[in-house]
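Visitor: Please take me for a close look at one part of this model, beginning with a single strand and the open space beside its partners, and then follow the chain outwards from there.

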Amino acid sequence: MLSLWENTAQLPEFPRLHGDIKTDVLIIGGGIAGILCGYKLKSAGVDCVIAEADRICRGVTSGTTAKITVQHGAVFDKLINEFGTEKAALYLKANEKALNEYKALSKNIDCDFKETDSYIYSRNNRRKIEKEVTALNKIGCNAEFCEKTELPFRIAGAVKLSGQAQFNPLKFLSEISKELKIYEHTAVKELKGLTAVCDGGRIKAQKIIVATHFPIINKHGSYFLKMYQKRSYVSAFLEAKPLDGMYRDEAEDGFSFRSAGKFLIIGGESKRTGKKSGGWEQIRSFAKKYYTDAVEKYNWAAQDCITLDGMPYIGNYSANTPDLYVATGFNKWGMTSSMVAAEILTDMIKGKINEFAEVFSPSRHILRKQLVLNAVSAAGGLLSPTVKRCPHLGCALKWNENERTWDCPCHGSRFSRDGKLLNTPATGDIDLDVRY
């Protein structure tokens with residue numbers, strides 16, 4: 001089940017760690033967030049090392065639909081109401097800066113980069129779209145309201161933003177990772193202070209960035225309460241009319257669309273990891289109805305960390321860990337969020353003030369309704385009787401019929417049918433007495 005990106009990009013290979021080494025900054029995790037942090041730090045003259053448990057960009061990063069946009073769903077009306085105009089404007093500005101950084105870097109990289117319009121649409125809630133347009137214009141973004149799009153069905157309205165972008169993320173990351181100091185097949189088993197105990201040796205650092213999608217260290221930050229994960233499904237079709245723009249439904253049960261060369265990419269069926277889902281069959285049924293000649297060529301799945309308030313956690317891992325940092329909780333928008341994280345964390349490590357750091361601080365207050373829901377879900381998973389349990393915090397695993405995997409509904413760890421770790425926050429395999 002390789003994604004379109006994995007089938008069309010050749011990633012460089014890096015050695016395993018053998019022996020003990022020292023570095024100024026250790027980055028744990030070789031996905032897009034970790035690689036961009038490494039790239040930014042190296043460009044700033046900071047010695048850094050990336051430790052990746054498997055191969056770079058073969059995890060969550062390979063599952064993205066790769067939309068580079070400041071339009072993170074219909075969120076800005078909510079952000080203004082919850083945080084005020086100033087913070088919402090800073091969130092927008094941070095992501096605009098990230099988008100422009102991609103535009104600049106991609107000029108010299110063959111990564112199928114394309115500037116395009118982005119749309120958040122609704123099939124039945126015109127008022128929500130109108131409010132989002134008003135909110136964006138209020139904080140300085142030129143948003144348009146649209147009633148008609150190139151989608152093959154009617155909508156109540158859409159928010160249109162021009163000058164957004166899309167690309168092949170693995171082609172992009174293949175190029176910028178080439179000169180970085182990376183160790184693959186080098187899993188971090190534990191941290192002893194600022195020394196990482198890995199497969200093959202130890203890495204002693206002055207500072208550490210945890211960029212493992214879902215943070216793997218439980219004793220700081222309470223991320224097991226502050227986040228949960230969602231699983232969604234993606235298919236790439238041939239013989240379907242291509243789209244000029246990128247589209248996403250404002251509703252959780254809706255679909256997203258973009259073209260990539262001769263392929264039409266449709267994503268959807270987003271559910272909390274570990275919960276029942278219609279998977280690719282729902283996408284196929286939709287495509288059969290609206291794109292009658294479409295032929296499915298690739299299918300894959302994506303996984304996303306969802307925060308309590310809809311904004312990522314970027315900064316110190318906790319208030320008590322000045323030399324330990326984190327980049328997580330991208331809420332399905334990992335492209336710009338990863339670039340934002342790389343800029344903020346590079347400035348923090350260099351001792352520079354970053355104007356966006358406070359907005360994304362992981363130490364912001366957490367007393368929200370979703371915190372209670374996360375706690376209830378975790379309690380249910382802990383109390384559920386089963387012999388198959390997640391090694392992260394002991395929650396009961398659920399069988400995922402779509403992908404033939406064992407998934408944790410508490411925090412989103414996933415394991416192959418024979419117990420091999422697929423997704424964090426768990427850090428090791430599981431033993432199964434029954435094989436399916």
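Guide: What follows starts at one strand and moves on to a pocket, two cores and a small sheet.

The model is a predicted one, in which local features need pLDDT of at least 70 and side-chain atom pairs count only at pLDDT 80 or more, while totals for chains, interfaces and linings use all residues. Residues are numbered from 1 along each chain as its sequence is written, and side-chain values use heavy atoms, with hydrogens and water left out.

The strand to begin with is β11 (227-238), where helices (H or I, at least four residues) and strands (E, at least two) are DSSP runs numbered from the N terminus. Because 11 of its 12 residues are buried, β11 is largely enclosed by the rest of the structure; here buried means under 20% relative accessible area, exposed over 50% and partly exposed in between, with a 1.4 Å probe and protein chains only. β11 pairs with β15 in the antiparallel sense over 12 bridges, and Phe-237 has Glu-296 of β15 as its bridge partner; two strands are said to pair if DSSP finds at least two bridges between them. β11 also pairs, again in the antiparallel sense, with β14 (residues 263-272) over 7 bridges, where Ala-236 stands opposite Ile-265. In the loop between β11 and β12 lies Glu-239, a residue other than glycine with a positive phi near 60 degrees; at 60% relative accessibility, Glu-239 counts as exposed.

β11 and β15 reappear around the second largest pocket, since at least two residues of its lining come from each of α3 (76-83), β11 (227-238), β12 (246-249) and β15 (295-307). On a 1 Å grid over the protein atoms alone, a pocket is an open set of points with protein on both sides within 12 Å along at least five of seven lines, whereas a cavity is a set of points where a 1.4 Å probe fits but cannot get out, and lining residues have an atom within 4 Å of a point. This pocket holds about 590 Å³ of space, a volume being the space filled by probe spheres set on the points, which are joined across faces, edges and corners. Of its 24 lining residues, those nearest the centre are His-72, Val-75, Lys-78, Glu-252 and Gly-310. Val-75 belongs to the loop between β3 (67-68) and α3, and at 22% relative accessibility Val-75 counts as partly exposed.

Turning to the interior, the largest nonpolar core has 78 residues, of which Tyr-102, Phe-172, Ile-209 and Phe-360 touch the most other members; such a core is a set of buried Ala, Val, Leu, Ile, Met, Phe, Trp, Tyr and Cys residues joined through side-chain atoms within 4.5 Å. Helix α4 (residues 85-106) gives the largest share of this core, 9 residues. A second, separate core of 25 residues includes Ala-205, Val-210, Met-227 and Cys-305. Leaving aside neighbours within four places in sequence, Ile-209 is in contact (heavy atoms within 4.5 Å) with residues including Val-25, Leu-26, Ile-27 and Ile-28, and also Tyr-325 and Ile-349.

Val-25 leads to another pair of strands, as its bridge partner in β2 is Cys-48, and β1 (residues 21-28) pairs with β2 in the parallel sense over 4 bridges. In β2 (residues 48-51), Cys-48 and Ile-50 point one way and Val-49 and Ala-51 the other, all of them buried. In a regular strand the side chains alternate between the two faces of the sheet.

Further along the chain, an open sheet of 4 strands runs in the order β18-β19-β20-β21 with antiparallel pairing. Its edge strands, β18 (398-400) and β21 (421-423), each pair on one side only, and neighbouring strands are turned by 35 degrees against each other on average, direction ignored; the axes are lines fitted to C-alpha atoms, for helices over the stretch in contact, and angles run from 0 to 180 degrees between N-to-C directions. Within this sheet, β19 (residues 405-407) and β20 (residues 414-416) pair over 3 bridges, with Ser-416 as the bridge partner of Thr-405. In the segment after β21 lies Pro-425, which is joined to Thr-424 by a cis peptide bond with omega of about 25 degrees.
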